[in-house]
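Colleague: Before we go through this model together, could you show me how you read its strands, its empty spaces and its ligand site?

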Amino acid sequence: MHLTRLALTDFRSYAELSLELGPGVTTFSGPNGEGKTNLVEAIGYLATLGSHRVATDAPLVRRGADRAVLRAAVTGAQGSALVEIELNPGRANRVRLNRAPMPRPRDILGTLRTVLFAPEDLALVKGDPGERRRFLDELLTATAPRYAGVRADYERVLRQRTALLKSAGSKGHLRGAARESMTATLDAWDAQLARAGAPLLAGRMRLVAALRPHLTAAYEAVSGGPADGASGMYYRSSALNTDEFDDASAPETAPLEKALLKALAGVRSNELDRGVCLAGPHRDELELSIGAMPTRGYASHGESWSLALALRLASFALLREGREDPVLILDDVFAELDAGRRDRLATLVAGAEQVLITAAVPADVPEVLAGLRFTVRASVVARAG
Ligand SMILES: Nc1ncnc2c1ncn2[C@@H]1O[C@H](COP(=O)(O)OP(=O)(O)OP(=O)(O)O)[C@@H](O)[C@H]1O
Ligand SMILES: [Mg+2]
């Protein structure tokens, strides 16, 4: 699929923008701070209903304005679609698909599919486990939008169970009927957490198995061979040993639910002491490695950057399998790569249906990716040359 038009009102530094786009490669270049990333952030938001840079919507609205509007026209195998989002920080956002209001914003997920690589992705390799869980969950939702609901359910149950653990813990040693009733209530929430967690865990395990070969190939393609060793990924669950599930590439939900329940029983008293939920998908880790070494704490800056990029390229490869291409967006990727890596990346992405590239220095973008060129200055986007 590809974007044919992007229009913004009061988004970040853009008061008003209307941009025609087409398939193939498009590059946006301009000095630092002129609005390049703001542009791709808007496209990412239209695809995922979230920003890759901030967790709340307030910074996305132009200073002085009270709301922002984002619009994208998309053409793909399903025909053409118009996605519109009105950001109202502090109030509900409004989402429309082909001009029809969507009561549930997440129902537009899948209309525009993107894979966005940005400098912030270094945190995928260097950051906390939460960054990698979010990566998995967002990719899961991109492969199948129903996972937005699975995630929301799990998070709701987790919040409620955690609140209950806190209040139970603060009551100290309950006795008699009060204790029995608290135990029964916690049992019920264990069951709910296991039921909500199992499909999320199954989805992540399946995803990691499907992504692994793509990651190895992408890392090898970017790094130019196994000089520093092949990259690997392993899903470490806080509740169970994923190796014990015969087929981690297609795990069944029922045994995972049972195993989660058992793990929860095992940590119950510890949980009551600490007032936190100690087992479940929210405590899991996606372990990344290069050669025999874990990346966190060991990998060089260039290796970490290449691996973060490889995670996105692998996502792209997975998402296009048997389906149309998502839009590939590369924010500021070339400046950090040596000449060999730049050229290999260029060859790798040249065949994608639509590639949007930003660069502060246009010369950093290899010749084969010239494509349609725009300059971005003071949030004005103009055709170059
Ligand atoms: N809500 C907002 N209202 C007004 N201006 C904003 C808002 N949010 C960010 N900006 C401005 O947008 C500019 C940053 O734009 P952006 O991140 O797109 O730069 P860039 O062209 O990608 O730069 P670099 O090459 O350094 O990555 C900053 O000058 C910042 O002050
Ligand atoms: Mg930028």
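**Reading the strands, the spaces and the ligand**

Modeller: Six bridges join strand β9 (residues 231–236) to strand β10 (residues 285–290), and the two run antiparallel. Two strands count as paired if DSSP finds at least two bridges between them, and the elements themselves are DSSP runs numbered from the N terminus, helices being H or I runs of at least four residues and strands E runs of at least two. This is a predicted model, in which local features need pLDDT of at least 70 and side-chain atom pairs count only at pLDDT 80 or more, whereas totals for chains, interfaces and linings use all residues. Residues are numbered from 1 along each chain as its sequence is written, chains are lettered from A and ligands numbered from 1 in the order in which they are written, and side-chain values use heavy atoms, with hydrogens and water left out.

Colleague: Which residue of β10 is the bridge partner of Ser231, and what joins β10 to β11?

Modeller: Ser231 has Ile290 as its bridge partner in β10. Two bridges join β10 to strand β11 (residues 293–294), again in an antiparallel arrangement, and there Ser289 stands opposite Pro294. The two strands form a hairpin with two residues between them, and Gly291 in that turn has a positive phi of about 60°.

Colleague: In what order do the six strands of the open sheet lie, and which strands are at its edges?

Modeller: As a general idea, the side chains of a regular strand alternate between the two faces of the sheet. In this model the six strands of an open sheet follow the order β2-β1-β4-β5-β6-β7, with antiparallel pairing. The edge strands are β2 (14–20) and β7 (100–101), each of which pairs on one side only. Seven bridges join β1 (residues 2–11) to β4 (residues 68–76), and Leu8 has Leu70 as its bridge partner in β4. Leu70 also stands opposite Ile85 in β5, where nine bridges join β4 to β5 (residues 79–87) and a hairpin connects these strands through two residues. Towards the β7 edge, two bridges join β6 (residues 94–97) to β7, with Leu97 opposite Ala100.

Colleague: How is empty space found, and what volume does the largest pocket have?

Modeller: Rolling a probe the size of a water molecule over the atoms shows where empty space is left. On a 1 Å grid over the protein atoms alone, a cavity is a set of points where a 1.4 Å probe fits but cannot get out, a pocket is an open set with protein on both sides within 12 Å along at least five of seven lines, and lining residues have an atom within 4 Å of a point. Grid points are joined across faces, edges and corners, and a volume is the space filled by probe spheres set on the points. The largest pocket has a volume of about 1,200 Å³ and is lined by 43 residues, of which Thr48, Leu49, Gly50, Glu138 and Arg151 lie nearest its centre. The largest share of that lining, seven residues, comes from α3, and among the other elements that each supply at least two residues are α1 (36–48) and α7 (301–320).

Colleague: How many cavities of 30 Å³ or more are there, and which residues line the largest cavity?

Modeller: The count comes to one cavity of 30 Å³ or more, and about 40 Å³ of space lies in the largest cavity. Its lining consists of Thr27, Phe28, Ser29, Ile357, Thr358, Ala359, Pro362, Val365 and Arg373, and the elements that give two or more residues to it are β3 (24–29) and β13 (354–359).

Colleague: Which residues are closest to ligand 1, and which polar contacts does ligand 1 make?

Modeller: A residue is near a molecule if one of its heavy atoms lies within 4 Å of it; 16 residues surround ligand 1, the closest being Gly33, Lys36, Thr37, Asn38 and Pro59. A polar contact is a pair of N or O atoms within 3.5 Å. A nitrogen atom of ligand 1 is 3.2 Å from a polar backbone atom of Arg12, an oxygen atom is 3.0 Å from an N or O atom in the side chain of Arg53, and a nitrogen atom is 2.9 Å from a polar backbone atom of Arg63.

Key: Polar contact = N/O pair within 3.5 Å; in protein donor to acceptor, adjacent residues only side chain to side chain.
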